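Student: I would like to learn how to read sheets and helix packing from a model. Can we go through an example?

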Amino acid sequence: MWRSRGFRLYTVATEMALLPLALRLLPESVLTTISFMVGDSPTCPAFAFQTEVYWPSTAAALLRWNFLAVPLAFTLWLVTRGGRPSRVAARVVSAYVLLPALLEPALIAYDLFTVGAGCWEVWRPTAVWTLSMSAYWTVCAVLILLAVRPARPAPPRLIRLRRTAGAVVACCLLLGLIGVDQGPDIRFTGADVAARSMGEGAGSRDTTRNGDRDATEPGCDQWTDEHRSYGDTAPGDRERAFLCLARAVGGFASRLAKLSDREKLAAGRALCRVAGRPTTEPRVRTVLDEAGADDWNYMVMRVLVFLCPDAVARTWPGLTLSEADPQRQNEEYQAVMTSHCADPARRLRGVRQATTALFVGEGGGYFIEDGDFVGEEEPSYALDKAAEAILWGLSAHRVSVITAVENSSVCLTVKVLRRAPRVRPAGWEAVVETGITSPSGKLGLTSWEGGDPLPDLAVSGPGRYRVRIYVRDRKEAMMSVSELPVEEHLVIVYPGKSRKTVYHESKR
């Protein structure tokens, strides 16, 4: 049995079933490919079924265990010494392996015969891999069937017939692949759309380079320089607006900016299909990496809104608004940013409290001060090195707080209490507490750029107060390329007469 023909065939089939396990040891970037479809590709029902129904389904997951099913069937064949149960099991496993192997080629053939050669552009990026793996698993299934087939000498005439049929099928397949008629390429590229929209002809500056137009061509400045919004862009100009902005978004989507216009449109639509989904999903991460983007930041979404406004509006609704309503646009932007901030001390209930994404401008930082104080400005107090990690200025009527980021937002929670709470530095990088005086009985927290209205911090009217500031995630915020707030601050204000500045060591 160990030297039999069936043993050798079954051994090869088992090795073929186990070989794909080695591919899992390779980096995901080596194995992952992304299929960018052209801008005006036809609707291919079989491709849609494969990507949207079959791959995510439980049935597809159950058909991916060849590396387990084949060795088990081989083991049964060895134990029963080729008995009837092992032959039945072998045929079942062969069908199990063969079913998904034949399904995907059938889907490709269905689209090509029912829709036409245009669907080949949709399938082509993955067709070689798909057909190769289908052939691989078909060979594996055939080897299993041959291994359990009883050895019977075939008539010479039948042998010649099989060989001839195999040669004819191979030739037909080769001729079919070579002769696939993809038809003339009559699709418009992004450059064609831009030229057609702008009325290419006399008086227009031709800056064509390798089939693309320069981002500085006449008409682009209304989106790249004047920042015309989606709501103020005519429907016929939105694709051109996307191309203009995509060329100028190198700092946020570096690879997208380097693509040709046709590839930009294809990549943009690929991004639109997963826009706003968590970046931890492998498919989303792959699409973002292909575009050279780190995440769904504001700049990337501002470009995509011209291709897929509905998808972008789910997370950045302000980008779909007209600039004729700037107040609403700012409110939408602020609401999106604030939605990523949470109260870090939910159990501590204040007389007044608020959580917001506070935008800090050039240089960063914000102030807690008596804005209604009238009189000479008092000199700043000296600070020790520990307190300087959080404060960059301190006087009788103002506390100036440092932020690690600038021209960005931080998550800020303020709580106004009537008495001092316990100091809980655990989980925070640093905590500092100091005193401030409010002669007018009004204390406010502001940055240079403003933000959501925050409550009055002087709960007891004119007098002295203590200000306690917690900070964390400053290093992470400095390394982040996201538009979303990362750095977090908690400010607690309560009545207190002491002016002493105290730095609490972090217990994080």
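Student: In what order do the six strands of the open sheet lie?
Tutor: Strand order is read across the sheet, not along the chain. In this predicted model, the order is 1-5-9-8-6-10, and the pairing is mixed. Strand 1 (352-360) and strand 10 (502-504) are the edge strands, each with pairing on one side only. From one strand to the next, the twist averages 20°.

Student: How many bridges join strand 6 to strand 8, and which way do the two run?
Tutor: Strand 6 (residues 430-438) and strand 8 (residues 463-472) run antiparallel and are joined by nine bridges. Within this pairing, Glu433 stands opposite Arg468 in strand 8.

Student: Now the helices. At what angle do the axes of helix 14 and helix 15 cross?
Tutor: The axes of helix 14 (residues 261-273) and helix 15 (residues 282-291) cross at roughly 155° and come within 10 Å. Angles over 145 degrees count as roughly antiparallel, so helix 14 and helix 15 are roughly antiparallel to each other.

Student: Is the crossing of helix 14 and helix 15 left-handed or right-handed?
Tutor: Helix 14 passes helix 15 in a left-handed crossing. On the helix 14 side, the contact is made by Ala270, Leu271 and Arg273; helix 15 contributes Arg283, Val287, Leu288 and Ala291.

Student: How do the residues of that contact divide into nonpolar, polar and charged?
Tutor: Where helix 14 meets helix 15, five residues of the contact are nonpolar, two are charged and none is polar.

Methods
Residues numbered from 1 in each chain as written. Predicted model: local features only at pLDDT ≥ 70, side-chain atom pairs only at ≥ 80, totals over all residues. Heavy atoms only, no water. Pairing = 2+ DSSP bridges. Helix = DSSP H or I, 4+ residues; strand = E, 2+ residues; numbered from the N terminus. Axes fitted to C-alpha atoms, helices over the stretch in contact; angles between N-to-C directions. Parallel < 35°, antiparallel > 145°, perpendicular 65-115°, else oblique. Left-handed = near helix turned anticlockwise from the far one by under 90°. Contact = heavy atoms within 4.5 Å. Nonpolar A, V, L, I, M, F, W, Y, C, P; charged D, E, K, R; others polar.
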